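Subject: Structure handover

Hello,

Here is the structure I promised to pass on. Please open it first, then read my notes below.

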Amino acid sequence: GSGPAGGAEAAAPQLTERETEVLRLVAKGMSYKQIAARLGLSHRTVQNHVQNTLGKLQLHNRVELTRYAIERGLDD
């Protein structure tokens with residue numbers, strides 16, 4: 001890869017605790033509705049967290065998000 005040594009890992013974006021929590025549940029294959037019920041949030045709030053996370057991680061959809069989470073062991 002191009003760029004300075006150390007790669008993207010060093011500059012990993014900071015997700016909030018809640019965003020990480022939502023990310024984990026998405027990685028487990030839960031629907032936004034299930035996640036909302038589990039965390040006591042509205043469906044819209046869950047969608048907002050996912051959108052924020054996608055933006056921070058520069059991903060485009062839930063499939064990429066799930067892959068990202070699994071690569072980092074967040075799906076266990």
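Gln 58 is exposed, with a relative accessible area of 67%, well inside the exposed class because that class begins over 50%. Keep in mind that this is a predicted model. Gln 58 sits in the loop between H3 and H4. Its backbone stands out too: Gln 58 has a positive phi of about 55° although it is not a glycine.

There is another positive phi to look at. Gly 40, just after H2, takes a value of about 70°.

That brings us to helix H2, which spans residues 32–39. Which residues of H2 are buried? They are Tyr 32, Ile 35, Ala 36 and Leu 39. Why do they share one side of H2? They cover an arc of only 100° around the axis, which puts them on the same side. The face turned away from that buried side carries exposed residues: Lys 33, Ala 37 and Arg 38.

What covers the buried residues of H2? The cover includes three helices: H1 (17–27), H3 (43–57) and H4 (62–71).

Take H1 next. The axes of H1 and H2 come within 10 Å and cross at roughly 130°. H1 and H2 are therefore oblique to each other. That follows because an angle over 145 degrees would be needed to count as roughly antiparallel, and 65 to 115 to count as roughly perpendicular. The crossing of H1 and H2 is right-handed.

Which residues meet there? H1 brings Arg 18, Glu 21, Val 22, Leu 25 and Val 26. H2 brings Tyr 32, Ile 35, Arg 38 and Leu 39. The residues of this contact divide into six nonpolar, no polar and three charged. Some names recur here. Tyr 32, Ile 35 and Leu 39 are among the buried residues of H2, while Arg 38 is on the exposed face.

Last, a residue in H3. Thr 53 has its place in that helix. Is Thr 53 buried or exposed? Thr 53 counts as buried, because its relative accessibility is 2% and the buried class is under 20%. Which residues does Thr 53 touch, not counting those up to four places away in sequence? They are Leu 15, Glu 19 and Leu 65.

So much for the tour. Write back with any questions.

Best wishes

Methods: Residues numbered from 1 in each chain as written. Predicted model: local features only at pLDDT ≥ 70, side-chain atom pairs only at ≥ 80, totals over all residues. Heavy atoms only, no water. Buried < 20%, exposed > 50% of the residue type's maximum accessible area, 1.4 Å probe, protein only. Helix = DSSP H or I, 4+ residues; strand = E, 2+ residues; numbered from the N terminus. Arc of directions from axis to C-beta. Contact = heavy atoms within 4.5 Å. Axes fitted to C-alpha atoms, helices over the stretch in contact; angles between N-to-C directions. Parallel < 35°, antiparallel > 145°, perpendicular 65-115°, else oblique. Left-handed = near helix turned anticlockwise from the far one by under 90°. Nonpolar A, V, L, I, M, F, W, Y, C, P; charged D, E, K, R; others polar.
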